[in-house]
Number of protein chains: 2
Amino acid sequence: MDRRQRKSREAIFKAFEELLKKRDFAHITVGEIIEKADVGRATFYAHFETKEFLLKELCGELFCHIFDAEENEHNHRHIFECKGEEPVFLHLFKHIRNNDNNLLSLLSSSNNEIFLGYFKENLIKLCESQLDLLKGRSAEKLPEDFKINHIASVFVEVLKWWIDTGLKESPETITEYFYMAL
Amino acid sequence: MDRRQRKSREAIFKAFEELLKKRDFAHITVGEIIEKADVGRATFYAHFETKEFLLKELCGELFCHIFDAEENEHNHRHIFECKGEEPVFLHLFKHIRNNDNNLLSLLSSSNNEIFLGYFKENLIKLCESQLDLLKGRSAEKLPEDFKINHIASVFVEVLKWWIDTGLKESPETITEYFYMAL
DNA sequence: ATAATATCGAACAGCAAGTTCGGTAACAAA
DNA sequence: TTTGTTACCGAACTTGCTGTTCGATATTAT
């Protein structure tokens, strides 16, 4: 890809992320984005059809980097590789509190619902391999798709509570809360 | 209140609800609302500052009728009074499937996240009196505000799943699912 | 009957979205 | 280095929606 294209694209993404931390998505204008990114109006529309497509692509990159990296080549370390023995949900809580990929900033903004929605979508794929978490609980006999959805839902809701109450607990403690709530 | 005012207000609410069933809130225009409601543009703005205020007032009326009626006088039967012995959550599931107050239509539309958000807000007040649902479970030792939030969250997520999968279960069954998932 | 007021309808300014186009600068390949 | 291509700029433009204004009309309450 042309270096100019890459530069413009990156500048737009970066400006957009900055704005998303501080303002509702609905109230962000293309004018603000291109001013902060310092690119021309026509350039923006050469890259993205609309504001909505920009958001979609941002989320795609964001969660692709976090969740889909496990299918990559061996030279690329992703979120689930770093400490193979730790429970995957503890990993997630740790990386989030670390603000990796700027995720915490976005989940803490007024746009949290948007990003939590994308987050849950990707989480569901992961939860299909975690059904044994419900072994021995009253929930064990529920329909499979209900259980998958339930695990992902509880994770997202615990995460939301954790962020809303100011990240007071350690990742280890909040992981325990998560298991207890399941 | 002037009869004219009441008529206009009702017409606007009704038109707005119809549109909300079929279209994203963000893409509904004031022009569409007043055309469907058959009122003048100035009239709309005499009643509501913006589209957003209209939505807020609609939700206020909607959930006030459902949740806050228990503080009313005795001659008004609300959602929690009709069958005093039934569990309150079963009541809720029943009334929702009944499409009382048009709630199911709104929760099934593309605007479901908006209404589920308001729904959860109101549900939390109710859940403060339902903490004994977690007695004897692993979740019993969690912080109180966590538990309240958890019960409301699971209810909303179960409700969402129920609607998304086409209301295939009876209210009784889905209530059991809810208790098993807690 | 009278005074108050809600409505209408049409026009208006303001703003943001998305398009167009000619000129300029950066790029990649020979 | 030269040449053809491509991305960018910037400014002007159309379009569509928002929210306001105002005089005229019809409805309401007293």
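How many residues does the contact take from chain A and from chain B? In this predicted model, chain A and chain B each enter the contact with 14 residues. On the side of chain A that touches chain B, two or more residues come from each of α8 (144-164) and α9 (171-181) of chain A. The largest share of that side, 6 residues, is supplied by α8(A). By class, the residues of chain A that touch chain B comprise 8 nonpolar, 4 polar and 2 charged.

Within chain B, helix α5 (residues 88-97) has the buried residues B:Phe89, B:Leu92, B:Phe93 and B:Ile96. These residues lie on the same side of α5(B), because the arc they cover around the axis is only 95 degrees. In an α-helix, residues three or four places apart point the same way, as there are 3.6 residues a turn. The buried residues of α5(B) are covered by elements including α6 (103-108), α8 (144-164) and α9 (171-181) of chain B. Just after α5(B), a positive phi of about 60 degrees is found at B:Asn99.

The surroundings of DNA strand C involve both protein chains. Among the 21 residues around this strand, those that come nearest are A:Ala42, B:Ser8, B:Gly40, B:Ala42 and B:Thr43. At least two residues of the surface near DNA strand C are supplied by each of α1 (3-22), α2 (30-37) and α3 (41-47) of chain A, and by each of α1 (3-22) and α3 (41-47) of chain B. With 4 residues, α3(B) gives the most to this surface. The surface near DNA strand C is made up of 6 nonpolar, 7 polar and 8 charged residues.

Terms used: Residues numbered from 1 in each chain as written. Chains lettered and ligands numbered in written order. Predicted model: local features only at pLDDT ≥ 70, side-chain atom pairs only at ≥ 80, totals over all residues. Contact = placed C-beta atoms within 7 Å. Nonpolar A, V, L, I, M, F, W, Y, C, P; charged D, E, K, R; others polar. Buried ≥ 20, exposed ≤ 12 C-beta atoms within 10 Å, placed from the backbone. Arc of directions from axis to C-beta. Near = placed C-beta within 6 Å.
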